[in-house]
Amino acid sequence: MVPLAAPGTEIYTAKRGEAIPTIARRYLGRTSYLTSSELADAIRHANGDLTANILKANENIIIPGILSAPVTEKAIAVPKDFEVRAIYLTGIMAGSDHGLRIIRHWREVGGNAVVFDIKDSDGSVTIPYEHPLLGQHNVYIHDVPKLVHFLHQQNMHAIARIAIFRDERLVKAHPELAVQSRRNHTAWRENGKLVWTDPSQPKVQDYNIALAKHVAQLGADEIQFDYVRFPAEGDQKDAQFVYQNGQPEATKAEATQSQTTKSEIAAASPDDETEFCPAAKATSAPAVKRRENAAHGASRGTHSQNQTAPEGRKTGCNVAAKPRGPQRTDVITAFLKKAYAELHPTGVLLSLDVFGVMAWQRQVDLSHTGQDIVGMAHYCDVLSPMIYPSHFFGMDSIAHPGDEPAHFIGESMDRFELITKGSGVVIRPWLQAFHWRTRTYSPEYIKVQVETAKDKGGIGFLFWNAANDYSKPYTAMPEMKSANFKSGQKDPRYFRGDELPATTNQAALNPSK
């Protein structure tokens with residue numbers, strides 16, 4: 001006779017040779033646990049601390065944490081100037097036991113937010129989601145409301161990252177939605193790679209907005225758009241976009257007058273984000289491993305020798321005359337206006353990752369990326385420039401920019417604050433949490449970036465490490481907290497220490513053991 005199950009549990013009768021991890025995977029979606037290994041451990045504990053994985057035939061096993069209904073979660077409203085102190089996690093990491101340990105540790109050292117992937121720059125969607133353009137895909141975050149609830153339980157702000165227009169999966173499945181080649185009338189390739197959707201294609205825009213709205217409804221507090229831009233590498237003259245339909249050929253040529261190569265522009269993406277200067281002669285730089293800690297967003301920095309320099313400084317870049325007709329900047333701004341109008345009523349914040357170089361607002365950069373910061377600032381709550389010092393290669397005659405964080409963080413922040421003045425947008429920068437192209441990466445390096453960004457008007461910060469290794473920030477955070485009000489200063493030196501309202505510290509889903 002099968003025993004009665006206690007509230008919040010269920011009795012499972014095992015088949016011969018069944019393993020506890022297999023049963024845990026089967027039951028995970030019906031329980032309060034986030035990972036199958038967590039549930040497997042709980043099953044062992046609930047059944048007298050079982051040590052064996054293999055069960056006997058007809059053995060009755062208690063399954064703990066059974067939910068009476070699926071978890072639902074709502075966004076916790078915070079003002080846009082809420083001071084976020086965040087780290088980034090891949091979708092695979094966020095849905096793993098190791099990821100949960102990272103989140104808990106980040107909270108312990110003073111963090112209050114996590115950025116996690118919903119759609120990465122290869123187009124991989126990490127959550128269960130159905131859409132005619134998506135098809136079958138690997139799921140790593142199986143229950144978004146459950147993950148967000150866990151973050152809220154930790155008193156943490158949940159930021160869902162979506163890479164927008166760089167989407168390798170989508171263009172391979174639907175090449176008609178890719179940027180098109182003028183020469184051969186097929187999908188255009190960026191330096192031989194088929195990775196870019198057409199940002200002006202309505203179906204592409206609608207797909208991304210629909211995904212963002214879906215995630216907002218699952219309880220995320222903030223939606224973060226990355227790769228909100230046009231491709232900046234490859235043969236620009238050969239690239240044809242929907243928004244150019246009907247334009248005279250001469251106007252199209254003006255809009256794409258320069259051909260850029262990978263050595264001249266480091267794509268701004270969480271994979272390889274470098275500041276760039278298309279018109280400048282580039283020097284070769286070591287190739288960066290995919291998602292290894294070069295910046296994200298097809299150009300989170302640049303390997304160009306004559307990188308963008310502030311006005312009045314010597315630079316190898318020439319400013320091109322503004323072309324006629326609709327421009328890439330018009331497309332990006334219009335897309336954001338539409339997305340913001342649909343997302344804002346849901347109660348989430350909208351933040352945008354942008355190239356650090358865009359603070360200089362040079363026409364050559366605007367014409368390639370379409371990232372007009374002045375226009376974009378009106379259709380988001382937060383701008384997050386990717387201002388990793390190591391990516392300002394060749395700028396300001398500094399041989400090792402990665403070793404000058406105060407200079408490059410300060411210069412970038414000054415310019416972003418200036419060009420967004422009066423817009424009401426919050427500047428919350430991405431900071432370097434990796435050792436690429438710097439000899440001085442350390443907890444002190446972290447502290448210099450945070451202090452400089454705050455002194456220059458930044459509110460909060462995001463740490464980027466593609467491998468999700470935050471050992472240096474882990475050390476730096478407690479040190480910054482303890483030094484915040486030393487020497488009798490009135491204002492905190494590093495950060496204010498904002499926290500979510502105390503009433504949001506919700507009860508745990510997991511029953512006490």
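Which residues of helix α13 are buried? In the predicted model analysed here, the buried residues of α13 are Pro443, Tyr445, Ile446, Lys447, Gln449, Val450, Thr452 and Ala453, and the elements that cover them include α12 (405–419), β12 (430–432), β13 (461–464) and α14 (471–483). The helix comprises the 13 residues 443–455, for which a rise of 1.5 Å a residue predicts a span of 18 Å, and the separation of 18 Å between its end C-alpha atoms agrees with that expectation. After α13 comes Gly457, a residue with a positive phi near 105°.

Within α13 itself, Glu444 and Lys447 are joined by a salt bridge in which the closest N and O atoms lie 3.3 Å apart. The two residues are separated by 3 positions, about one turn of the helix. An α-helix has 3.6 residues a turn, so residues three or four places apart point the same way. The partners nevertheless fall into separate accessibility classes: Glu444 is partly exposed, with a relative accessible area of 44%, whereas Lys447, at 12%, is buried because its value lies under the 20% cut-off.

A second region of interest is strand β5, which spans residues 157–163. All 7 of its 7 residues are buried, so the strand is largely enclosed by the rest of the structure. In a regular strand the side chains alternate between the two faces of the sheet. In β5, His157, Ile159, Arg161 and Ala163 point one way, while Ala158, Ala160 and Ile162 point the other way, and burial applies to both sets. Strand β5 pairs with strand β4 (residues 113–119) in the parallel sense over 6 bridges, with Val115 standing opposite Ile159 of β5. It is also joined by 5 bridges to strand β7 (residues 222–226), again with the strands running parallel, and here Ile223 of β7 is the bridge partner of Ala160. The connection between β4 and β5 involves helix α5 (residues 144–153), and these three elements make a right-handed β-α-β unit.

Lys119 is placed in strand β4 and, at 0% relative accessibility, counts as buried. Its side chain reaches the backbone oxygen of Ala163 at 2.6 Å, and a further polar contact, of 2.9 Å, joins the side chain of Lys119 to that of Asp167. When residues up to four places away in sequence are set aside, Lys119 touches Ser124, Val125, Arg161, Ile162, Ala163, Ile164, Asp167, Tyr207, Asn208 and Leu211; the surroundings of Lys119 therefore include the β5 residues Arg161, Ile162 and Ala163.

Side chains of opposite charge can pair when their charged atoms come close. By the distance rule applied to the model, the count comes to 25 salt bridges. One of these joins Arg107 to Glu499, with 3.0 Å between the closest N and O atoms. Arg107 belongs to helix α4 (residues 97–108) and Glu499 to the segment after α14, so this pair ties together parts that are 392 residues apart in sequence. Glu499 is partly exposed, its relative accessible area being 36%.

Another salt bridge links the side chains of Glu222 and Arg428, at an N to O distance of 2.7 Å. Because Glu222 lies in strand β7 and Arg428 in the loop between β11 (426–427) and β12, the pair ties together parts that are 206 residues apart in sequence. Both ends of this bridge are buried, Glu222 with a relative accessible area of 0% and Arg428 with one of 1%.

An exposed lysine is found in helix α6 (residues 168–173), where Lys172 is placed. The relative accessible area of Lys172 is 54%, and this residue is classed as exposed because that value is over the 50% cut-off. The side chain of Lys172 makes a polar contact of 2.8 Å with the side chain of Glu168. Lys172 and Trp196, although 24 residues apart in sequence, are separated by 9.6 Å in space, as given by the distance from C-alpha to C-alpha.

Terms used
Residues numbered from 1 in each chain as written. Predicted model: local features only at pLDDT ≥ 70, side-chain atom pairs only at ≥ 80, totals over all residues. Heavy atoms only, no water. Buried < 20%, exposed > 50% of the residue type's maximum accessible area, 1.4 Å probe, protein only. Helix = DSSP H or I, 4+ residues; strand = E, 2+ residues; numbered from the N terminus. Pairing = 2+ DSSP bridges. Right-handed = clockwise from strand over helix to strand, strands pointing away. Polar contact = N/O pair within 3.5 Å; in protein donor to acceptor, adjacent residues only side chain to side chain. Contact = heavy atoms within 4.5 Å. Expected span 1.5 Å × (residues − 1). Salt bridge = Lys/Arg side-chain N within 4 Å of Asp/Glu carboxyl O.
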